[in-house]
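Here's a quick walk through a protein model, from the overall picture down to a few residues. Have the sequence and the 3D view open as you read.

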Amino acid sequence: MHKKYSIKVSRAIQLYRNPSLPYLLNFETFAQKQGKGSEDSDYLWARLVWNKWFEERFVSKNKSDEDKQMLGKHLLTQEIEDVTKERELPNYVNPFLFDGKKEELEQCEQEIERITQEINKGCATAFNYCRRGAIYRKIGKMQSALDDLEKAIHLEPFLANAYWHRHLIFVYQNKIIPALEDLNFIIKCNVNYTDAYLSRAEIYRKQGNNHLTKYNFSLALRYRPTDPEVYFKRGEVHEEEGELLLAMEDYSKCLYYDPQRIDARMKHGIYYFNKSNWSIAMHDFTMVIKKDPKHAEARTYRGRIYIKQEQYKNAAEDLAAAIHLNPRNWIAFYYRGCILRKIDPKQSLQDLSVSVLLNHKYDNICAYLHRGILYAELRQWPLAICDFENAIALDRNFTTPYINIGLIMMLHSDLYFDAIVRFTEAIRVDPLDIRPYLCRAQAYQKVHDLKNSVKDINRAIHLHPNLPYLILTRGQYLLQMKHFKLASFCIHQVAEMDKGSLGCSLVQEALVQSFCQNYNKAIECAIAATRNQPEPAIYCLLGKIQMKAKKFKDALSSFNEALLLLGGIEKYLPNTFETAELYFLMGECYMEQVFLLEVFILTLT
């Protein structure tokens with residue numbers, strides 16, 4: 001633009017800058033409305049305001065507005081309390097280290113008097129002030145201790161012990177930054193000052209800075225490599241970070257330098273217990289029990305290992321000892337109740353009830369489940385259903401209680417439609433579990449809805465196509481629907497499955513092979529079944545298969561074995577249908593062999 005059209009403004013006005021704040025903002029009035037005290041520093045108060053805004057702005061989305069407000073108020077209150085602690089330093093703190101030790105307290109006071117006399121005589125050295133300040137701190141006179149330590153540092157700026165004791169006072173006041181500055185100065189003056197690394201690690205650990213905590217513990221171990229306590233603390237930090245392998249290495253080092261360390265041994269054993277390494281875990285817990293026979297937690301874990309190893313007597317002893325040592329140990333009550341469920345149902349019921357009484361939350365959901373199963377075994381159906389309902393209330397994604405309630409309704413209460421509803425809920429929770437499909441198929445069969453039964457069995461087969469008994473069940477339902485060809489196809493499908501054993505019982509396999517006219521295979525399965533379970537019905541089945549294979553002599557011997565079993569020790573044959581059927585089948589065998597005389601004799605008997 002041409003100069004003649006420009007507005008001439010003085011240089012003072014051109015260089016003037018507008019203030020960043022408007023004139024109407026009164027900072028003092030605003031601060032008072034926000035709760036700023038007259039003695040509060042502007043820096044600390046502004047930090048509290050920013051922290052409150054940050055927590056309210058970036059709080060997790062799943063929390064309600066009331067939770068956000070409560071969280072903001074809590075953080076503000078906590079921050080104010082921390083600031084208050086930083087400003088206050090009491091003149092006297094109760095020296096709990098000297099509780100019951102009056103002689104030591106008197107010695108400290110005498111030493112303070114002696115040092116004070118030396119200072120008054122003109123020997124006001126940094127060492128005397130440092131020593132008197134350390135003793136003041138030890139007996140609880142914090143303000144006097146801080147004054148003496150400040151004088152010592154003023155006289156001797158490189159006196160590390162004075163900085164060390166002063167940092168302890170700062171830690172007590174919760175003045176973290178000055179405490180860290182003192183520790184950093186100590187390390188700068190003396191790199192081998194291991195306690196400074198350890199104290200700095202503890203400060204960072206309280207702040208939640210695990211990375212710097214591990215770093216400082218590692219620096220401490222560089223100058224003190226045989227200290228088991230440092231290894232243990234670093235292992236705890238590794239465990240908090242989820243670095244379990246590193247934690248186990250540190251716990252192992254701790255146990256190497258101090259084999260009698262119980263806490264490290266317990267953590268080491270629990271890790272291998274969770275990894276199902278029973279031998280190492282058993283060794284660790286046994287060592288803990290030898291060191292401390294009254295350690296209830298170690299006995300509980302060892303009892304659980306005995307259960308895994310099916311050493312139930314030893315498990316019961318350890319769990320009983322754990323309960324004796326800690327009567328509120330709900331885990332021990334639960335596992336002992338599980339062990340005694342078959343041999344002592346009454347005691348088992350009592351233990352499970354005590355476990356539920358001690359802990360009725362989600363952690364102990366299995367106690368409700370096992371107590372419900374125990375009630376079902378005792379035929380107390382309403383109590384069993386009540387426990388299963390409690391388990392569902394604790395975890396609605398747990399399918400087993402739904403299935404158990406449905407089974408009780410279907411098998412013992414004839415409430416088939418209610419059972420179908422329960423099985424449907426279990427399927428909704430876990431559509432990949434075949435158990436509710438099988439149970440619902442059986443419930444549909446009870447109400448003569450075979451079409452839906454076949455649908456559920458087909459869904460189960462789709463999930464597990466290699467289970468022969470599912471295909472056999474489908475064949476059974478198709479047979480009831482009079483779809484004979486499809487039922488026959490199911491049996492042939494099972495017989496042609498490429499498996500050495502069909503995955504079902506030997507009797508079922510024998511029937512399948514016999515239906516498919518694989519008589520040699522069927523006879524082998526039936527003979528194996530008689531060895532496992534020598535009963536008249538199985539010998540009768542074996543004889544029938546041998547008759548189909550035209551092996552009538554073998555069939556006669558099988559029927560004779562069945563008759564011997566029916567007669568028992570007294571060798572008296574009962575007048576039952578089974579006896580008549582055996583004689584009839586033996587007669588058919590003799591007729592096939594043209595032994596007519598034997599047939600006539602059998603008819604007379």
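What follows covers the whole chain and then three residues.

This is a predicted model, where local features need pLDDT of at least 70, side-chain atom pairs count only at pLDDT 80 or more, and totals for chains, interfaces and linings use all residues. Residues are numbered from 1 along each chain as its sequence is written, and side-chain values use heavy atoms, with hydrogens and water left out.

The protein has 33 helices and 0 strands; these are DSSP runs numbered from the N terminus, with helices (H or I) of at least four residues and strands (E) of at least two. Of its 605 residues, 40% are buried. Here buried means under 20% relative accessible area, exposed means over 50%, and partly exposed is in between (1.4 Å probe, protein chains only). Contacts, meaning heavy atoms within 4.5 Å, are worth a look too: among those with a separation of 6 or more, 44% join residues 24 or more positions apart.

Now for the three residues:

| Residue | Place | Relative accessibility |
|---|---|---|
| Glutamate 103 | helix 5 (residues 102-120) | 64%, exposed |
| Asparagine 174 | loop between helix 8 (160-173) and helix 9 (176-189) | 24%, partly exposed |
| Threonine 530 | helix 29 (residues 519-532) | 7%, buried |

What does threonine 530 touch, leaving out residues up to four places away in sequence? Its partners are Ile538, Tyr539 and Leu542. As for asparagine 174, its C-alpha sits 9.9 Å from that of isoleucine 203, and the two are 29 residues apart in sequence.
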